[in-house]
Amino acid sequence: MDPEGLSGLNAPLLAWFAGARRPLAFREDRSPYRVLVAEFMLQQTRSNVVESYYRRFVRRFPDVVALAEASPEEVLAHWQGLGYYARARRLHEAARRIVAQHAGMVPRDPQALRALPGVGPYVAAAVGAFAFERDEAALDANVRRVLARVANVLAIDERVAAALVPPGRAREWNEALMDLGATICTARRPRCPTCPLTDVCRANRAGTQELVPARVARAVRPVVLRCLVAVRDEELRWGLVRRPPRGLLAGLWEFPSADGADPAAALATHDVWAEGLTELPPFRHTFTHLVWDVRPFLARGGGPLRWVRPAELPTVPLTGPTVRVVRHVAGAAPGLSK
DNA sequence: AACCCGGGGGT
DNA sequence: ACCCCAGGGTT
C-alpha cells in the first residue's frame, strides 16, 4: 500500500542516514528498559538536552527493579530541570507495574505497553521499533513533518506512514527521519539545498516547505506576579516548602512563595517569620501556558520548613526559580549547580 | 477538541 | 522575543 507514491523516499533516506547518523547517548543500548526511559525523557524535549539526563538516570537506576524500588523524591531529583515532571511520576509508576505485573520485563505486547502510565501512541511505537524491532512508524514531530513535506500534505496519514516502513528496518528508518527532521528538514528554514530527498519531495517542488505541515497558533500566556522569600536559618540552611503533588511543578520544593508582589503574603501563607529582607534582582520564568514575573527576597528566618544544608541541595528536586536564586546568592559556587 | 504540563536552544 | 521540541493525560 503506497497511495501517495512516497516509497521512493526510503532508498535516498537510508543511504543518507548511513553517513549522517547522530551518535546519541540513548542509541548505544537498545534494551527495552533503556528505550522506555529515553522515550519518556524525549517527550517534547530535544534529544541533545535529554542526553546528560539519560546518562545520569540509567547510571543511578540501571534496571527496572532499581527504578521501581527507588523513592519518588530521588526519581524526581534526577528529573529536576527536564520539565514536564508528570513524566517522572508516570515512568516510576510504570516501572512498578512492570515489576508487579510483568515479572520485571517491559511488555512486548502493544496493548500491554499502551496500558502503562505515560505510554501513548508514540512511545508504544518507539519501544516497538527501537527495542523489539517491529515494523512500526514512531510518529514524533520530526517524522510527521518530514513525511508531510515529502507528500506535500497538511498532515500525514498514520496508515500511510505505517505502510512506508521497510520490513526489518524500522529502527534505522525511524531514526533516519528523526535525524533528517532535526538537522535538515527543520520546522523553520529547512535546508533544502543539502537535503537527500529533494528529488522526491513534493513540497520542495511546490515551494511549500514553510507551509507544510499546518501549524497551530500558540495562545497568549498570562503574566502572573510571583513573590518568593529565600529564607535561611542561623546555620545558613535553606528553608523549603513542597508544592502540591499534582499540577504545576508537582512535588518539587521551592522557597515560601505566593502570587502577588508582597513578600509578607509568601511568609504568612507558610507560617514563616523573617527579618532583614533584602530584595534580589527580579527575573522572568516562562512555562508552556503561563509566565511568572518573579520578585525574590533574601532573609534570615524560621518556621515550619524543610531546612536543607547547601551540600544537600542536589538531592532535593527544586523548581527552576529556586535553583536560580540559590545560584545567585551562592555566586555560582561549584557543587550547587547540579 | 481544548486544556494542562517546563525548560532550553536555535533563529 | 519568538518558535519549537523523539507527547500524554485530563476534562
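Reader: Which residues are closest to DNA strand C, and how many surround it?

Author: In this predicted model, DNA strand C is surrounded by 27 residues, the closest being Phe 26, Leu 42, Asp 140, Asn 142 and Arg 145. A residue is near a strand if one of its heavy atoms lies within 4 Å of it.

Reader: What should I know about numbering and confidence?

Author: Residues are numbered from 1 along each chain as its sequence is written, and chains are lettered from A and ligands numbered from 1 in the order in which they are written. Local features need pLDDT of at least 70, side-chain atom pairs count only at pLDDT 80 or more, and totals for chains, interfaces and linings use all residues, while side-chain values use heavy atoms, with hydrogens and water left out.

Reader: Which part of strand C is within 4 Å of the protein, sugar or phosphate, or bases?

Author: Of the atoms of DNA strand C within 4 Å of the protein, 66% are in sugar or phosphate, and the rest are in bases.

Reader: What does Arg 145 do there, in terms of distance to a phosphate oxygen?

Author: An N or O atom in the side chain of Arg 145 is 2.6 Å from a phosphate oxygen of DNA strand C. A polar contact here is a pair of N or O atoms within 3.5 Å. A polar backbone atom of Val 123 is 2.8 Å from a phosphate oxygen of this strand.

Reader: Which elements give two or more residues to that surface?

Author: They are α8 (121–130) and α9 (141–151); helices are DSSP runs (H or I, at least four residues), numbered from the N terminus.

Reader: Moving on, how do α9 and α11 cross?

Author: The axes of α9 and α11 (residues 170–183) come within 8 Å and cross at roughly 80 degrees. Axes are lines fitted to C-alpha atoms over the stretch in contact, with angles from 0 to 180 degrees between N-to-C directions. The two helices, α9 and α11, are therefore roughly perpendicular, a term for angles of 65 to 115 degrees.

Reader: And which residues meet there?

Author: Among them, Asn 142, Arg 145 and Leu 147 in α9 meet residues of α11 including Trp 173 and Leu 177; contact means heavy atoms within 4.5 Å.

Reader: Now strand B: which residues are closest?

Author: DNA strand B has 20 residues around it, and the closest are Arg 191, Leu 249, His 285, Thr 288 and His 289. A polar side-chain atom of Arg 191 lies 2.6 Å from a phosphate oxygen of DNA strand B.

Reader: Where is a base nitrogen of strand B approached by a polar backbone atom?

Author: At Gln 44, whose polar backbone atom is 2.9 Å from a base nitrogen of DNA strand B.

How values were computed
A polar contact is a pair of N or O atoms within 3.5 Å; within protein, one must be able to donate a hydrogen and the other to accept it, and residues adjacent in sequence count only if both atoms are side-chain atoms. Angles under 35 degrees count as roughly parallel, over 145 as roughly antiparallel, 65 to 115 as roughly perpendicular and the rest as oblique.
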